[in-house]
Structures are given as structure tokens and as C-alpha cells.
Amino acid sequence: MKNLKKTLITSAIVLVALIAALAIFPPDVTATGGGTTYGWWAILPPVIAISLALITKEVYPSLFIGIVSGALIYSKLDISIFLQKITYSVADDSGAFYSTVTDAGNVSIIIFLIVLGALVCLMRYSGASRAFGDWARVKIKKRSGAGLSTMLLGLIIFVDDYFNCLTVGSVMTPVTDEHRISRAKLAYIIDCTAAPVCIIAPVSSWAAAVSDFAPPGVSGISLFLQAIPYNFYALFTLLMVLITTLLCIDFGKMRQHEINAIKGDLFSGSKASGMDAIAEANPRGKIIDMIVPIIVLVVVCVFMMVYTGGIMDGKSFIDAFSDCSSSTALAVGGTISVLIIMAYYCARGLTTGKQCFDSIPEGFKAMFPAIFILIFAWTLNSITGDLGAKFFIHDLMDGSAAELMNLLPAVIFAVALFLAFSTGTSWGTFGILIPIVTAIFAPSDPLYIIGMSACLAGAVCGDHISPVSDTTIMASAGAECDLITHVNTQIPYALYVAGVSFITFIVAGFVKNSIISLIIGTALLVAGLLYIKFVVYKGVTPEQEALGTGQSE
């Protein structure tokens with residue numbers, strides 16, 4: 001651990017200050033329409049965890065201190081309740097860590113992570129990754145081409161953000177490494193084409209989740225489709241990736257990472273734990289050996305999604321997708337896919353039986369850091385839920401909604417951003433805010449759809465930049481990039497888009513027209529990026545700065 005002493009001292013100070021505050025100002029647990037809440041204390045644990053992570057650069061202890069803080073607040077300094085809440089409660093068969101590691105959905109995601117880790121390992125054993133890298137070296141000539149190829153693959157794999165992050169990362173790493181794109185930039189592109197793509201893709205696990213939160217009597221898919229043109233953050237994020245890649249615009253800490261990568265240091269000295277190169281890679285592997293596994297994985301996982309949604313019972317594809325259990329489908333579909341791929345590689349003579357079995361523990365080893373962080377993040381989210389954070393936010397929004405009117409979409413966007421950033425969950429934010437939006441506006445009011453879109457956009461934005469977000473963790477794992485490095489380099493980009501989106505939601509609240517709003521928002525986004533390129537950096541690209549020339553390599 002790089003900053004152990006600093007982390008321990010900072011954590012101790014935070015805990016002592018928290019205990020003193022709890023002793024002086026004990027939480028006032030109040031009942032609301034939906035449950036009980038600890039008020040503003042409820043949002044303190046994730047704020048503590050995120051702040052510590054950004055200050056100390058250490059994720060594990062920061063998340064753990066956030067969990068401990070939540071348990072202390074919940075227990076009101078009662079040691080018996082504290083121990084039960086943080087581990088296991090005999091009374092109600094719960095406890096933060098216990099409920100997290102026994103949750104069926106969480107276990108399914110962990111299985112899917114291990115399966116994908118095994119698949120990446122198999123691809124390397126078979127020589128498919130090497131063959132793809134050799135092909136990309138010939139076909140993709142420029143760094144911008146490698147970045148755009150990564151973005152394109154992310155757009156194609158739109159069914160699920162977990163699936164997207166890990167698949168794009170495993171496939172495109174050889175390409176981006178060959179063209180000296182930093183792992184921080186790769187993680188950013190992966191993250192930008194995960195949740196932002198899923199939230200505007202009608203056939204995705206995210207569309208299914210949003211549909212579930214639709215009020216009775218309202219078509220969830222129809223509501224989702226109507227919200228797409230107003231989902232400014234998702235649309236502008238994709239535009240941001242496209243423009244910055246084509247025009248070679250980088251700023252903030254990302255720029256230094258790109259300069260270092262061009263000089264040969266892809267990680268800027270902060271390599272995440274991941275899968276090392278496999279020396280036994282089969283020299284007979286071909287491009288088709290990379291394509292076939294990806295196709296198998298996509299087809300099987302999509303089929304399992306609609307299967308769990310009831311397509312075999314006569315439901316339509318869309319209805320089955322809306323009712324699917326994505327975590328179960330990914331775990332089962334991923335496992336079946338890997339077994340098929342093992343058989344394929346063995347039949348081709350690219351891997352041995354031993355290598356197939358070795359890929360499973362190797363995959364677990366590669367994904368263990370991401371799994372460990374996810375367990376901590378899920379546990380923190382569980383404790384935040386126990387403190388009634390969603391009821392506190394609900395009351396806060398409900399009390400001020402009547403006075404905001406046309407400005408409400410922008411306010412909803414900001415609140416959703418903060419809530420998702422603090423808790424690390426978009427779907428949880430949907431569950432909290434969508435009912436508020438549907439209660440505030442009549443379905444015939446144009447602000448109904450705009451407010452819904454603002455909720456979705458803000459949730460994706462907060463999830464995008466949160467260190468405790470599972471998608472952020474997955475993107476860094478897919479790129480084998482240090483999590484805090486990914487967060488620190490991505491935040492300036494995401495906040496820039498968030499600022500443009502906030503202004504655009506203000507415009508949309510008054511003009512109530514998606515086309516006009518998009519035109520104004522796009523103009524702001526492009527103008528700002530051109531200012532950064534030509535005024536701030538005088539037109540000098542990271543390549544030119546790294547090489548000390550006036551020409552890009």
C-alpha cells in the first residue's frame with residue numbers, strides 16, 4: 001500500500017471526529033411516508049468513503065471506513081448493534097457484509113466476472129489476442145483510429161454495462177497498447193460507452209430496469225423511448241468521446257497520462273493488478289478465434305436474458321427483455337459460453353485441457369481486485385439504504401418541487417447526480433427519483449418526459465464519476481487501470497459534460513423542445529472543447545508535446 005501511514009492517520013481522524021459528532025449530535029430517526037430515515041446522516045458514509053478515496057488514493061480502506069461509519073451511525077454508538085450491523089445479525093438474519101455476499105444478484109455478477117476473466121485468459125492461451133493485436137497493428141494506423149475502434153465496439157455491445165466494460169477491455173487492450181493509448185484513456189472510453197450507451201439503448205438491461213420503475217398503467221418501454229432525445233448527458237458524453245478522439249484533445253490529468261503513454265509508460269506508474277501476459281500463447285491463433293468467442297458470448301447472454309424474461313412462455317422479445325433477470329442471465333450465459341469456447345479452442349488444437357481448467361483460477365485471480373471492491377461498494381450501498389437515504393432525498397425533493405417548475409429538470413439532474421455519486425448506483429437512484437418525477441408532473445405535461453430524462457441522465461452521470469460505482473470499477477478492471485487513476489482522470493471530462501447538460505436542461509425546461517435544446521447544448525460542448533484545444537493548449541496535441549515536435553506521429 002503506497003500511502004499506508006497517511007491512510008491510517010486520516011482514517012483515524014475521520015472516525016474520531018465522527019464518534020464525537022455522534023455523541024454530541026445523535027441522529028434523529030424520523031418516520032416518512034415510505035420508511036424511516038436518519039436525515040442528513042444517511043448520506044454521510046458514502047461521502048466519507050469517496051472523500052477518503054480521493055484524498056488517500058487507497059480504495060479498500062476508504063470503502064471500509066465508509067462502511068464502519070455507516071454502522072456507527074446506524075447503531076448510535078451501541079457496540080452490540082454496531083457489530084451486528086457490520087457483520088451478522090441473529091435477530092433478522094442480516095448484516096451488511098452477510099447480506100451482500102449472500103445476495104443472489106451479487107453472487108451472479110461475481111460469477112460473471114470470473115467467467116469473463118477465464119474467457120480473457122483462454123483468448124490469450126489460444127493466441128487469439130495476439131492475432132487480433134497483429135491484425136490491428138496493420139489495419140489501424142493512427143491513435144485516433146484505435147480510440148474510435150474502441151468506441152465503436154462499445155456502441156455495438158449495448159446490452160449490459162458490465163458485459164460492455166469487460167468485453168471491450170479484453171478485446172481492445174492489444175490495439176490501444178500498440179498505439180500507445182494510456183490505460184486511463186482506455187478506461188475512460190470504456191466507461192463512456194457502457195452506461196451512457198445502455199441508457200439510450202431500448203434493448204438493454206438498463207431499459208428493462210427503467211421500465212420496472214414506470215408507474216402503473218404506463219408502458220415502461222414507451223416512456224424509456226420518449227426520454228432518449230432529452231438524455232443530454234448520455235448523448236453529449238458520446239459526442240465528447242468522438243470529438244476528443246478525432247481532434248486529439250486531452251486536458252487535466254488525462255493529458256499527462258497520454259503524454260506518458262506516448263513515451264512508453266501506459267500506466268503512468270500506477271498499474272492495476274490484472275492478468276499478466278501469457279507466455280504459452282499459441283502461435284496458430286487467428287482473428288476468427290477472437291471473433292467466434294465474442295459472438296458466442298453475445299448470442300448466448302442475450303438469449304439467456306430473454307429466456308429469464310419468459311420468451312419461451314409466449315412473451316414478445318421486448319417484453320421478455322423488460323422482465324429479464326440480467327444478473328442471472330449473464331452468469332448462466334457466461335458460463336455456458338465459456339464451456340462452448342473451451343470446446344471450440346480444444347477442437348481447433350489451440351488450447352489443452354489443462355489450460356482450459358487453469359483459465360478459471362487465472363480468471364478469478366485477474367478479477368479479484370474488482371470483486372473485492374464491488375463487495376465493499378455493495379456493502380456500503382446496503383448500509384446507506386438502511387439509514388434511509390432514499391427517504392431523505394425523497395422528502396427533500398418533494399418539499400421544494402412545487403416552487404421550481406421550469407427549472408425542475410435541471411434540479412432533478414443535479415440531485416440525481418449527487419445521489420448516484422454518493423451511493424454508486426444508477427438503478428437505486430432511478431428507484432428513488434422516478435416515483436417523485438411521476439408524482440410531480442401529469443403525463444400530459446411536456447416536463448414529465450424532460451424530468452424523467454433528467455433523472456436518468458443525472459443518475460448515469462453520478463454513477464459515471466463515483467469511485468464506489470460498480471460500472472466505474474468494471475471499466476477500470478476491463479482496462480486494467482488503477483481505480484483512483486481512472487476516477488481522477490475521468491472526472492474533469494465528466495463534469496464538463498455535466499455542466500453542459502445542466503445548462504441544456506435549463507433550456508429544455510423553458511423551450512420544451514429536444515431539437516432546440518440539443519443544438520444549444522452541442523454548440524456549448526464543441527465551443528468549449530475548441531477553446532481548450534486552441535486557446536489553452538495552443539493547438540498542441542499530446543503527441544506533439546510528448547515528441548517535442550510540431551507534427552503528430
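# A tour from helix α2 to Glu480

Select helix α2 (residues 44-56) and helix α21 (residues 408-423): their axes come within 8 Å and cross at roughly 70°. The axes are lines fitted to C-alpha atoms, for helices over the stretch in contact, and angles run from 0 to 180 degrees between N-to-C directions. α2 and α21 are therefore roughly perpendicular to each other; angles of 65 to 115 degrees take that name, while those under 35 are roughly parallel, those over 145 roughly antiparallel and the rest oblique. Helices (H or I, at least four residues) and strands (E, at least two) are DSSP runs, numbered from the N terminus.

This is a predicted model, in which local features need pLDDT of at least 70 and side-chain atom pairs count only at pLDDT 80 or more, whereas totals for chains, interfaces and linings use all residues. Residues are numbered from 1 along each chain as its sequence is written, and side-chain values use heavy atoms, with hydrogens and water left out.

**The α2 and α21 contact**

Show side chains for Pro46, Val47 and Ile50 in α2, which meet Phe421, Ser422 and Thr423 in α21. Contact here means heavy atoms within 4.5 Å. By class, this contact has 4 nonpolar, 2 polar and no charged residues. Ala, Val, Leu, Ile, Met, Phe, Trp, Tyr, Cys and Pro count as nonpolar, Asp, Glu, Lys and Arg as charged, and the others, Gly among them, as polar.

**The whole chain**

Zoom out to the full chain, which has 27 helices and 2 strands. Buried residues make up 58% of its 553 residues. Buried means under 20% relative accessible area, exposed over 50%, and partly exposed in between (1.4 Å probe, protein chains only). The chain exposes about 21,200 Å², of which carbon and sulfur atoms supply 68%; these areas come from the Shrake-Rupley method with a 1.4 Å probe, and for residues only the protein chains shown count as cover. Among contacts with a separation of 6 or more, 78% are accounted for by residues 24 or more positions apart.

**Arg143 and its partners**

A search of the whole structure finds 9 salt bridges, a salt bridge being a side-chain nitrogen of Lys or Arg within 4 Å of a carboxyl oxygen of Asp or Glu. Select Arg143 and Glu258, which form one with the closest N and O atoms 2.7 Å apart. Glu258 lies in helix α15 (residues 253-262) and Arg143 in helix α8 (residues 143-156), so the pair ties together parts that are 115 residues apart in sequence. Glu258 is buried at 2% relative accessible area, and Arg143 is buried at 17%. Add Glu543 to the selection: Arg143, Glu258 and Glu543 are linked in a network of salt bridges.

**Leu153, further along α8**

Stay in helix α8 and select Leu153. Leu153 counts as buried, at 17% relative accessibility. Leaving aside residues up to four places away in sequence, Leu153 touches Val168, Val171 and Met172. A distance can also be drawn from the C-alpha atom of Leu153 to that of Thr193: the two are 8.6 Å apart, with these positions 40 residues apart along the chain.

**Cys248, before α15**

Next, select Cys248 in the loop between α14 (232-246) and α15. Its phi is near 55°, a positive value in a residue other than glycine. Cys248 is buried, with a relative accessible area of 19%.

**Thr351 and helix α19**

Move to Thr351, in the loop between α18 (326-347) and α19. Thr351 is buried, with 7% relative accessible area. Its contacts, not counting residues up to four places away in sequence, are Leu122, Tyr125, Ser126, Met342, Tyr345, Cys346 and Cys356.

Then select Lys365 and Glu362, whose side chains meet in a salt bridge (3.4 Å, N to O). They are 3 residues apart in helix α19 (residues 353-386), about one helical turn. Lys365 is exposed, with a relative accessible area of 53%, whereas Glu362 counts as partly exposed at 28%.

**Last stop: Glu480**

Finish at Glu480, which forms a salt bridge with Arg124, the closest N and O atoms being 3.4 Å apart. Glu480 lies in the loop between α24 (470-478) and α25 (483-511) and Arg124 in helix α6 (residues 104-126), so the pair ties together parts that are 356 residues apart in sequence. Both Glu480 and Arg124 are buried, Glu480 with a relative accessible area of 11%. Check the backbone here too: phi of Glu480 is near 50°, a positive value in a residue other than glycine.
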